[in-house]
Amino acid sequence: MASVDIRQVRKAFGTFEVIHGIDVDIGDEEFVVLVGPSGCGKSTLLRMIAGLEPISGGEIAIGGRVVNMVPPKERDIAMVFQNYALYPHMTVFDNMAFSLKLRHAERSVIEQRVRQAADILDLTKYLDRYPRQLSGGQRQRVAMGRAIVRDPQVFLFDEPLSNLDAKLRVQMRTEIKALHQRLRTTSIYVTHDQIEAMTMADKIVVMHDGHVEQVGTPLELYDRPVNLFVAGFIGSPAMNFFEGRLRRDGDRAWVEAKGDLVMPAPPGVRGNDGQSVVYGIRPGHLRLASDAEQGLPAEVEVVEPTGDNTLVFCRLGDAVACAATTERFPLRPGERLRLVPQVENGHVFDAATGVRL
C-alpha cells in the first residue's frame, strides 16, 4: 500500500499547457476520484501517475519514492482501462495470469493469485471462457482481476464504466467500492460522471481547465462548494442559480435577484451591500409552500416524475428553477405555486470571481 503525492505537476504539449502546477495528496488506502468535464486534464494526470505520459514539471511520488523518471512497469501500479484491453485469443484465466507470466512467477503462485481474484470477483466459473463469451460487466471484472493479481501499491481506473449500460454501471459502482473496502489498496479513479464520484469516493478532486478547483469528501463538496463551478458541477439535478445584488440591513442579509425576487441569504454570508452576486439553491432545498406559507411566486413549466422524487421546473423571476419534492402533487404546466428556499442551505457567490461568500 502507498500514498501518492503530486507536487506542482505541470503538463504541456509544445507551448500549450494543459495541467497548471497542481498539488494533490492521496493518502494510503484512500479511494480518490478525479472528476471534471471533458478536457479538464484528469485522464492526462492519471497517465502521468502511471508513467504513460511524461510530466513537464513538478514531482510525483508513490510510497514516498519520486517516480518522475521511473518506467511504468517499475512503479508497482495496475491500471484498469475503459475498453477492457483483454486478449481475445486467451481464456479468462490466461488474461488474468498474463502479467505474472511475464514476471516468470511460479505456476503455484499464478494459480493461487488468479483463483483468489476470481473468487473475489465471482469469476471462478468463467476461467475457461474467452472474452467474446462474456458480458460487458464480466469483461470489466476480468480487467479488474488482471489488476488484482499483480498485488500493486496503487490501482488506477480510467473511466472503467463508460462502456456499460445504466443498470450495469450502478452494479459495477457497488462492486468496485466493495472491492476497495476488501483490498484496502490506494485507488485513483477518473470519471466525468459526478454521480460515480459522489457514490464511490473517500475524497473527490474536482478539476477544470487543468486546475484543481476543490478537494474534499463528497458531502463537503456538496454542502460547501468553494465556487460556482464546483456548485454547478456537483449534484444532480444541478444547483439553481439567480443573478442579483446582495443587500444588508444590520445583521440581516438577502439577495435581490432579477425578476423582483428576494432570496434570504444564509447565516454568516460575507460581501458588501450592493455587491453583484449569484444566489444558489439546490433543488432539494427549494420546496413547495403549503397553503399557510408565503413563498416565491412561480409558474410550472415541466414536471418530471422520477419515482422517489418529482422534479418541478418552474419559471421563477427571470430564471427557470428546479424543485425536487417527494410529495405527489398533481401539478400541470402553467399552474402557479409558491416556492420556499431553505435559508440555511442557500449559497451566495461573488459574480465577478465565482468565489463563495
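Which residues of the largest nonpolar core touch the most other members? They are M96, V114, M144, I176 and Y189, in a core of 45 residues. The model is predicted. This briefing covers the core, helix α2 and a buried arginine, R146.

**Nonpolar cores**
- The largest nonpolar core holds 45 residues.
- I176 is one of its members that touch the most others. Beyond four places in sequence, I176 is in contact with F31, M144, F157, P160, L161, Y189 and M200.
- Another core lies apart from the largest one. This other core has 29 residues, among them V4, I6, I22 and L45.

**Helix α2**
- Helix α2 spans residues 92-102.
- Its buried residues are V92, F93, N95, M96, A97, S99 and L100.
- The cover over these buried residues includes α3 (107-120) and α4.
- H104 comes just after α2 and takes a positive phi of about 60 degrees.

**R146 in helix α4**
- R146 sits in helix α4, which runs over residues 136-148.
- R146 is buried but has no salt bridge. D158 is the nearest side chain of opposite charge, and it is 12 Å away.
- The R146 side chain does reach a backbone oxygen, that of A85, at 2.7 Å.
- Contacts of R146 beyond four places in sequence are Y84, A85, L86, N95, M96 and S99.
- Among these contacts, N95, M96 and S99 are buried residues of α2.
- M96 thus appears in two settings: it is in contact with R146, and it is among the residues touching the most other members of the largest core.

Conventions:
Residues numbered from 1 in each chain as written. Predicted model: local features only at pLDDT ≥ 70, side-chain atom pairs only at ≥ 80, totals over all residues. Heavy atoms only, no water. Helix = DSSP H or I, 4+ residues; strand = E, 2+ residues; numbered from the N terminus. Buried < 20%, exposed > 50% of the residue type's maximum accessible area, 1.4 Å probe, protein only. Lys, Arg positive; Asp, Glu negative; His and termini not counted. Salt bridge = Lys/Arg side-chain N within 4 Å of Asp/Glu carboxyl O. Polar contact = N/O pair within 3.5 Å; in protein donor to acceptor, adjacent residues only side chain to side chain. Contact = heavy atoms within 4.5 Å. Core = buried A, V, L, I, M, F, W, Y, C linked by side-chain atoms within 4.5 Å.
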